[in-house]
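Student: Hi! Could we go through this structure together, a bit at a time?
Tutor: Happy to. Let's put it on the screen and start.
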Amino acid sequence: MVHLFWSGRGWIVPAFAFGSSLAGGLITSCVTGSLAYWDSHPWPMGIAMLVCGPPCWFIGRRFRNQPPRRLIDAETGEAVILRPSHTCLFIPVMWWGPILTAAGFFTLSLEMWKK
C-alpha cells in the first residue's frame, strides 16, 4: 500500500512528534496552570523536538539495519534483493532525528536571542 506522506513505518515520525508535543503541552500547562504559556513561548516546543529527535534516529537506524529479503526470479534464476523503505515525506526515518534535533536547537536559540 502506498501512502502519500510515509512509506513503511514512516508514520512513527509524526507519531513521535505529536506525542512529544502533547506531553510538552500537558507538562507546561500543569506547571504553569494554563495552556497560554505554551502558546506564547516557543521553548517548550523546542524541548519537545529535542526529545523526539533521538528516538527517530535510533529506531530509523534499526529499520535500516534489518536484513533484506532475497528472492529468486523463477524464469531467469536471478536474485532480487528487497529492502523495505521507511520514510516520512520521502526522508528516511533515521534522518528525521537530526532534522528534529536541529529544529529544536533552532527554536531554543530563537527564544534566547529574543530576550
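Student: Is Ser-21 buried or exposed?
Tutor: Ser-21 counts as buried, because its relative accessibility is 17% and the cut-off for buried is under 20%. Keep in mind that this is a predicted model.

Student: Where is Ser-21 placed?
Tutor: Ser-21 belongs to helix H1, which covers residues 12-32.

Student: And what is Ser-21 in contact with, leaving aside its neighbours within four places in sequence?
Tutor: With those neighbours set aside, Ser-21 has contacts to Trp-38, Met-45 and Ala-48.

Student: Now the core. Which residues make up the largest nonpolar core?
Tutor: That core has 7 residues: Val-13, Cys-52, Cys-56, Cys-88, Val-93, Trp-96 and Leu-100. Helix H3 (43-64) and helix H4 (93-114) are the elements that each supply two or more of them.

Student: Which element gives the most?
Tutor: H4 does, with 3 residues.

Student: I keep looking at Trp-96. What is Trp-96 in contact with, beyond four places in sequence?
Tutor: Trp-96 touches Val-13, Cys-56, Cys-88, Leu-89 and Ile-91. Val-13, Cys-56 and Cys-88 are also members of the core we just went through.

Student: Leu-89 is on that list. Where is the place of Leu-89?
Tutor: You'll find Leu-89 in the loop between S4 and S5. Leu-89 counts as partly exposed, since its relative accessible area is 43%.

Student: Anything to say about the backbone there?
Tutor: Yes. Leu-89 has a positive phi of about 55° without being a glycine. Phe-90, in the loop between S4 and S5 as well, has a positive phi of about 70° and is not a glycine either. For context, most residues other than glycine have a negative phi.

Student: Does Phe-90 count as buried or exposed?
Tutor: Exposed, because Phe-90 has 72% relative accessibility.

Student: Let's switch to the strands around that loop. In what order do the 3 strands of the open sheet come?
Tutor: The order is S1-S4-S5, with antiparallel pairing. S1 and strand S5 (91-92) are at the edges with a single partner strand each, so each has one side without a neighbour in the sheet.

Student: How many bridges join S4 to S5?
Tutor: Strand S4 (residues 87-88) is joined to S5 by 2 bridges. Thr-87 has Pro-92 in S5 as its bridge partner.

Student: What about S2 and S3, which sense do they pair in?
Tutor: Strand S2 (residues 69-72) and strand S3 (residues 79-82) pair in the antiparallel sense, over 4 bridges. Within that pairing, Leu-71 stands opposite Val-80 in S3. The two strands form a hairpin with 6 residues between them, and Gly-77 in the turn has a positive phi of about 80°.

Student: Over to the surface. Which residues make the nonpolar patch of about 330 Å²?
Tutor: Leu-4, Phe-5 and Leu-89 make that surface patch, so to speak bringing us back to Leu-89 from the loop between S4 and S5. Leu-4 sits in the segment before strand S1 (6-7), and Leu-4 counts as exposed because its relative accessibility is 64%.

Student: One last residue: is Phe-105 buried or exposed?
Tutor: Phe-105 is exposed, with a relative accessible area of 52%, and lies in helix H4. Phe-105 and Trp-43 are 62 residues apart in sequence, while their C-alpha atoms are 9.4 Å apart in space.

Conventions. Residues numbered from 1 in each chain as written. Predicted model: local features only at pLDDT ≥ 70, side-chain atom pairs only at ≥ 80, totals over all residues. Heavy atoms only, no water. Core = buried A, V, L, I, M, F, W, Y, C linked by side-chain atoms within 4.5 Å. Buried < 20%, exposed > 50% of the residue type's maximum accessible area, 1.4 Å probe, protein only. Contact = heavy atoms within 4.5 Å. Patch = residues over 30% accessible without salt bridge, like charges linked within 9 Å, V, L, I, M, F, W, Y side chains within 5 Å. Areas by Shrake-Rupley, 256 points an atom, 1.4 Å probe, with all protein chains shown as cover. Salt bridge = Lys/Arg side-chain N within 4 Å of Asp/Glu carboxyl O. Pairing = 2+ DSSP bridges.
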